[in-house]
Amino acid sequence: MAKTGRRTHAHKTPGLPPGTIALPPDAPPPNIHVFGYGPSEFAELNVTDIADFSSLVGRWPVVWINFNGLGAGNALSALESAFGIHHLVLEDMSTPHQRPKVEIYAGHVYVVLRLQRWDPEQQEL
């Protein structure tokens, strides 16, 4: 039978309790972008020091935090401490290749998206 071209992904060690954060050893360092907005203000920030998370709490009605890379597990812990992010969300964030989804929690919404990029040579996404 011909292969379907599906990629396989490494999975966490079986038997870990729910909410366990297990980052892959080759995870790239975090690149964190924050978008804060409200009725009269919009701000875009690059977070280089995870201690800055606490200064973002309550600054805007909506804060969108975009993580690319999670090589530092303490970034997720700081996110949990500052914003009260649910531990199962942090586990999902530490697991690459999540399906696109939206999960609503008390105080925050977790969204996984696949960003599309235009290939000008192929004229396709």
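A nonpolar core, as the term is used here, is a set of buried Ala, Val, Leu, Ile, Met, Phe, Trp, Tyr and Cys residues joined through side-chain atoms within 4.5 Å. With that in hand, let's walk through this structure, which is a predicted model.

The largest nonpolar core holds 19 residues, and the members that touch the most others are Phe53, Phe67, Leu79 and Met93. Several elements give two or more residues to this core: strand 1, strand 2, helix 1 (53–56), helix 2 (73–83), helix 3 and strand 5 (108–112). Helix 2 gives the most, with 4 residues.

Leu79 is a good residue to select in your viewer if you want to look into this region. Leaving out residues up to four places away in sequence, Leu79 touches Phe53, Ile65, Phe67, Gly84, Ile85, Leu90 and Met93. Three of those names, Phe53, Phe67 and Met93, also appeared with Leu79 among the core residues that touch the most other members.

From the core we can turn to the sheet. This is an open sheet of 3 strands in the order 2-1-3, with antiparallel pairing. Strand 2 and strand 3 stand at the edges, and each has a single partner strand, so one side of each is left without a neighbour in the sheet. On average, neighbouring strands of this sheet are turned by 15° against each other, with direction ignored. As a reminder, strands of a sheet pair through backbone hydrogen bonds, either parallel or antiparallel.

Let's take the two pairings one at a time, beginning with strand 1 and strand 2. Strand 2 covers residues 42–47, and its antiparallel pairing with strand 1 runs over 6 bridges. These two strands form a hairpin, with 4 residues between them. If you would like a landmark in this pairing, Gly36 stands opposite Ala43 in strand 2.

On to the other pairing. Strand 1 (residues 31–37) meets strand 3 (residues 62–68) in the antiparallel sense over 7 bridges. Gly36 is useful here too, since its bridge partner in strand 3 is Val63. Another landmark is Ile32, whose bridge partner in strand 3 is Phe67. Phe67 is thus a link back to the core, where it was named among the residues that touch the most other members.

The last stop is a charged group. The structure holds 2 salt bridges, and together they link Asp92, Lys101 and Glu103 in a network. Asp92 sits in helix 3 (residues 87–93). Lys101 forms a salt bridge with Asp92, and the closest N and O atoms are 2.6 Å apart. Glu103 forms a salt bridge with Lys101 as well, with 3.3 Å between the closest N and O atoms.

How exposed are these residues? Asp92 counts as buried because its relative accessible area of 15% falls under the 20% limit for that term. Lys101 is partly exposed, at 24% relative accessible area. Glu103 is also partly exposed, with a value of 22%.

The surroundings of Asp92 complete the picture. Setting aside neighbours within four places in sequence, Asp92 is in contact with Gln98, Lys101, Glu103 and Tyr110. That list includes Lys101 and Glu103, the residues that are linked with Asp92 in the network of salt bridges.

Methods. Residues are numbered from 1 along each chain as its sequence is written. This is a predicted model: local features need pLDDT of at least 70, side-chain atom pairs count only at pLDDT 80 or more; totals for chains, interfaces and linings use all residues. Side-chain values use heavy atoms; hydrogens and water are left out. Buried means under 20% relative accessible area, exposed over 50%, partly exposed in between (1.4 Å probe, protein chains only). Contact means heavy atoms within 4.5 Å. Two strands pair if DSSP finds at least two bridges between them. A salt bridge is a side-chain nitrogen of Lys or Arg within 4 Å of a carboxyl oxygen of Asp or Glu. Axes are lines fitted to C-alpha atoms, for helices over the stretch in contact, and angles run from 0 to 180 degrees between N-to-C directions.
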